[in-house]
Amino acid sequence: MTGEFQRLMADLRRHPDLLQDLGEIGDLDRAVRWAHERGYKVEAEELRELLASHRELSDDELEQAAGGDWGDGTTPPPPGSGG
Amino acid sequence: MPPSCGDWLSVLQRHLRPPLFKPEGTERLRRLARGLPGDLLTVLELRLGNSGGPIDLAFRLTGPEEALRIADVLPASQARRFLSAWAEPDTALSSIHSAWVEFDLDRELREVPSPVVCAKLTSDAPLPWLTGTLFPAMHGKPLTPAQERIVRLCHESLPSSAYVLYAFSLLSRGADTLRLEIFGLSPTTILAYLDRVAPTAVSWVKGPAALFQGVERVHLSLDIGEEILPRIGIEGSFSRLPNWEPGWRKLFGRLIDQGLCRPEERDAALAWRGSDTFWTAPAAWPVEAIGPVGFCFRKLSHVKVVCRPDRRLEAKLYLMLGYLP
C-alpha cells in the first residue's frame, strides 16, 4: 500500500460517511476522481482492489468456501470432538 | 504480521451475540483466538438448548506447513509431537489427508492448551495402518489389546456404504480414549451397525437416531476405551445452505420438539451465513496485515446430538468461518 492509500484507508475507517460516499460510486474512474478531488493521490489499481470487495459473497461462493475436501467442491463437516 | 483468528472474530463481532453467544464464553474464545492463526478454516462449537457455557474452537490443517504453524504455538504435548511428525516428508503419516485440532474452552486458560487432534482418512485407509501407525502416533503409545480389538470390530463391521472418516485421540482430555467417526450410515443402518459393535447402545440411541431421518450427511462417533464407552454422538448436515435446503429447518424443528434447541437458537443458526469485508467492518478489518481485500465468510456446518444412557441428550451446533482472499 502506498502512503497515500494508507492515509485514505485510515480516514475511511474513521469516517463512515466517507466510506459510504465511496461505496456509492460503482465506477473505478469516478472513484479515482473522487479520491483525487479529496486530496488522496492514490493509484487506480489500489482502488480497484478496494472496490472489488464491496459486495457479498454469492451463495455459490459460500457453498464452495470451505475448500472442497471431497473433491466435488464440498467439504465434510468437521469432526464433532466436543466432550 | 498476518491476521489472527482473534482478528476475524473482531470482524464478526456484530454476529457474536445472544442467543448463541454469551459474553463470558465469547470473551474466553477471543482471548485464545488472538494467539492462533487466522488463515485456517475455523469452526466454533456451541451448546444448544440452554445456551451459554463454553465455545470451543477448531481448525482444519490441510498439510505440513499448517501443522507446523499450529505445533509451534502448542505446549509440549503429544498433539504437538503428532503434528510435527505428520509434517515430516515421506513418512507413514504422509497419507493423512487433513487434520483438525480442537481447543476445549471449558475452563479459564493462562496459555494455549493442548488440543484434541483428529485425522481425516480416505475411504480406503487400511485397518493395519489405522491401528498400528496412525492411532499410536496420535496417542503416543500403542493401542491396548482391547482397543485394537474394538477398532478392528468397528472397522470390519462397517457396511460397504460406510467408512471411518475421522480418527481422534482424546488424550488431551486426560482420558486414554480414542474416537472413530463413521460416515455413510443412515439413521436406520446406525442401529443395525450398533447391534453388531455395541448392542446395548441400540435401546438408548434409537430415539436420537430418528432425529436425523432425511439428513443428507450423517456421522456416527464412537468412543473407545477398554470397551465402547456409553457416549455416542450423531451428527448431521446438508451440503447446501439453509436457504436452499429445507432439511436444515426440519432437523432443527425435531431438536426443538425434543427440547434440545430453542426456536431463537434455530433462527440464529440458520442465519449464520454470509460474508464481511472491509466495507462492513472497517474499524476491525486487519488492513495493516492484508489490506482492504477479501471476505470473512460464515456458514452453518452441522449439528450433533450426544447420547448417554444415564443422561439427558445434549445438542451442539457447529459454525464455520474463514477468510477468502
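Which elements of chain B do the buried residues of α9(B) pack against? I opened the notebook with that. The model is predicted, and I kept that in mind throughout.

**Entry 1: helix α9 of chain B**

I found α9(B) at residues 247-257. Its buried residues are G247(B), W248(B), L251(B), F252(B), L255(B) and I256(B). I then looked up what they pack against. The answer is β8 (228-237), α10 (263-270), β10 (295-307) and β11 (314-324) of chain B. I wondered about the spacing of the buried positions. An α-helix has 3.6 residues a turn, so residues three or four places apart point the same way. Last, I checked what follows the helix. G259(B) comes after α9(B), and its phi is positive, near 75°.

**Entry 2: a serine in strand β10**

One partner of that helix is β10 of chain B, and I picked a residue from this strand. S301(B) is found in β10. Is S301(B) buried or exposed? Its relative accessibility is 4%, and buried means under 20%, so S301(B) counts as buried. Its side chain makes a polar contact with the side chain of H302(B), at 2.8 Å.

**Entry 3: chain A by itself**

I turned to chain A. It has 5 helices and 0 strands. Along the sequence I read the pattern α-α-α-α-α. The chain has 83 residues, and 47% of them are buried. I also looked at its contacts with a separation of 6 or more. Of these, 43% join residues 24 or more positions apart. Chain A exposes about 4300 Å², with 45% of that supplied by carbon and sulfur atoms.

**Entry 4: where chain A meets chain B**

How many residues does the contact take from each chain? I noted 37 from chain A and 57 from chain B. Together the two chains bury about 3800 Å² between them, 60% of it on carbon and sulfur atoms. I counted 3 salt bridges between chain A and chain B. I looked at R13(A), which forms a salt bridge with E288(B). Their closest N and O atoms are 3.0 Å apart. The two chains also have 15 residue pairs in polar contact, both residues at pLDDT 80 or more.

Next I asked which elements of chain A give two or more residues to the side that touches chain B. They are α1 (3-14), α2 (16-23), α4 (44-52) and α5 (59-64). α5(A) gives the most, with 5 residues. By class, I listed 18 nonpolar, 11 polar and 8 charged residues on this side of chain A.

**Entry 5: salt bridges in chain B**

Over all chains the structure holds 28 salt bridges. I went through some within chain B.

R34(B) and E27(B) meet through their side chains at 3.7 Å, N to O. E27(B) is partly exposed, with a relative accessible area of 33%.

R47(B) and D56(B) form another salt bridge, at 3.4 Å, N to O. I found both R47(B) and D56(B) buried.

K141(B) pairs with D176(B), the closest N and O atoms being 3.6 Å apart. Why does this pair tie together parts that are 35 residues apart in sequence? K141(B) lies in the loop between α5 (127-139) and α6 (145-156) of chain B, while D176(B) lies in the loop between β5 (163-169) and β6 (178-183), so the bridge links the two. K141(B) is partly exposed at 36% relative accessible area. D176(B) is partly exposed at 33%.

My last note is a network: salt bridges that share partners join R14(B), D276(B) and R298(B).

How values were computed:
Residues numbered from 1 in each chain as written. Chains lettered and ligands numbered in written order. Predicted model: local features only at pLDDT ≥ 70, side-chain atom pairs only at ≥ 80, totals over all residues. Heavy atoms only, no water. Buried < 20%, exposed > 50% of the residue type's maximum accessible area, 1.4 Å probe, protein only. Helix = DSSP H or I, 4+ residues; strand = E, 2+ residues; numbered from the N terminus. Contact = heavy atoms within 4.5 Å. Areas by Shrake-Rupley, 256 points an atom, 1.4 Å probe, with all protein chains shown as cover. Buried area = accessible area lost by both parts, 1.4 Å probe. Salt bridge = Lys/Arg side-chain N within 4 Å of Asp/Glu carboxyl O. Polar contact = N/O pair within 3.5 Å; in protein donor to acceptor, adjacent residues only side chain to side chain. Nonpolar A, V, L, I, M, F, W, Y, C, P; charged D, E, K, R; others polar.
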